[in-house]
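Subject: The structure you asked for

Hi there,

Here is the structure for your files, with my notes underneath. Have it open while you read, and write back with anything that puzzles you.

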Amino acid sequence: AIKRARQVIVPSDYTKQDLIKIFPWSENKISTVYEGLGVENKVCLSDDKELKIRYNITKPYLMYVGSAYPHKNLEFLIRNWKSVLQKYDYQLLLAVEKDFFREQLEKLVLDLGLQNSIIFTGFVMPDDLACLYHYAEAFIFPSRYEGFGLPPLEALKQHCPVLALNRTCVPEILQDKAIYFEEDTESLLNAFSRIGEAREKLVNIDEWLKRYSWEKMTENILNIYQK
């Protein structure tokens, strides 16, 4: 497909470099176009108490939204959650749909005795998701591999601080708007201690997020077609 294509569009410079490593001869036909975050800005309409009852939230919480595929690295987060609980009284909300990988993680949570502090929500409707982002202490993104990474941008859109693993394209996309951690317990706990700093990074976030619009994405793709 790459040989036959006149242009290859990728969602990040990281993905572009990844592709060039495998197919060095393709460099001149690869264009980076960032994805759009969407035009609809959901506003939280639910009462905090109502939301907590619906999702069994009893404490301040961090949340993750996405799939439970192994490269999302949720096992790392779960295995380190006891260390988190020794310092912070948080719950962890994992908004992942039911599949084989989630079932494996649910078993791990039971084995570690963490079922009261880690909640699997399943699919969350957009209105509820906006509220869960809004009321969360932070959004946590431990993914080992991303081509772009929409969920942390969605969290920022709801003025939710972001903690993210310092891997692949994530620093390229989130830039200085997140607190980054490495894949070890000490670094993870250090990121938790900096949630207040992550919240300070939300100043002017709405203006900053305009770089990831459908309009810009459409414009850039149209320019590629017109070459």
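In which loop does N73 lie? N73 sits in the loop between β3 and α3 (74–79). Helices here are DSSP runs of H or I with at least four residues, strands are DSSP runs of E with at least two, and both are numbered from the N terminus.

Before going further, a word on the model: it is predicted, so to speak of a local feature takes a pLDDT of at least 70, side-chain atom pairs count only at pLDDT 80 or more, and totals for chains, interfaces and linings use all residues. Residues are numbered from 1 along each chain as its sequence is written, and side-chain values use heavy atoms, with hydrogens and water left out.**Two unusual backbone angles**

Most residues other than glycine have a negative phi. N73 has a positive phi of about 65° although it is not a glycine. N73 counts as buried, at 3% relative accessibility; buried means under 20% relative accessible area, exposed over 50%, and partly exposed in between (1.4 Å probe, protein chains only). H159 also departs from that pattern, with a positive phi of about 60°. H159 comes just after α7, in the loop between α7 and β7. At 38% relative accessibility, H159 is partly exposed.

**The sheet**

Six strands form an open sheet with parallel pairing, in the order β5-β4-β3-β6-β7-β8. Two strands pair if DSSP finds at least two bridges between them. β5 (118–120) and β8 (179–181) are the edge strands; each has a single partner, so one side of each is left without a neighbour in the sheet. From one strand to the next, the twist averages 25°. Axes for such angles are lines fitted to C-alpha atoms, for helices over the stretch in contact, and the angles run from 0 to 180 degrees between N-to-C directions.

Strand β6 (residues 138–141) is a good place to look inside the sheet. Its pairing with β3 (residues 61–65) is parallel, over 2 bridges, and 3 bridges join β6 to the parallel strand β7 (residues 162–165). F139 is the bridge partner of M63 and stands opposite V162 in β7. Both faces of β6 are covered, with A138 and I140 buried on one side and F139 and F141 buried on the other.

**Helices on the sheet**

β6, helix α7 (residues 150–157) and β7 make a right-handed β-α-β unit. Right-handed means that, with the strands pointing away from the viewer, the path from the first strand over the helix to the second runs clockwise. α7 touches β3, β6 and β7, and its direction makes about 170° with that of β6. Contact here means heavy atoms within 4.5 Å. Of the 8 residues in α7, 6 are buried: P151, P152, L153, A155, L156 and K157. These buried residues pack against β3, β6 and β7, and also against α6 (126–135), α8 (170–174) and α11 (205–208). Helix α9 (residues 185–192) lies across β3, β6, β7 and β8, running at about 165° to β8.

**The cores**

In soluble globular proteins, nonpolar side chains tend to be buried together. A nonpolar core is a set of buried Ala, Val, Leu, Ile, Met, Phe, Trp, Tyr and Cys residues joined through side-chain atoms within 4.5 Å. The largest one has 68 residues, and M63, L153, L163 and F192 touch the most other members. β3 gives the most to this core, with 5 residues. A second, separate core of 6 residues includes I2, V8, V10 and I30.

Leaving out residues up to four places away in sequence, L153 touches L37, F148, I173, L174, W208, L209 and Y212. On the same basis, L74 touches Y64, S67, A68, L94, V96, L105 and P142. L74 is in helix α3 and is buried, with a relative accessible area of 3%. The C-alpha atoms of L74 and I140 are 10.0 Å apart, although 66 residues separate them along the chain.

**Cysteines**

How many disulfides does the structure hold? It holds 0, where a disulfide is a pair of cysteine sulfur atoms within 2.5 Å. For C169, the closest cysteine sulfur is in C160, at 19 Å, which is too far for a bond. C169 is buried, with a relative accessible area of 0%, and C160 counts as buried at 1%.

Happy to go through any of this with you.

Best wishes
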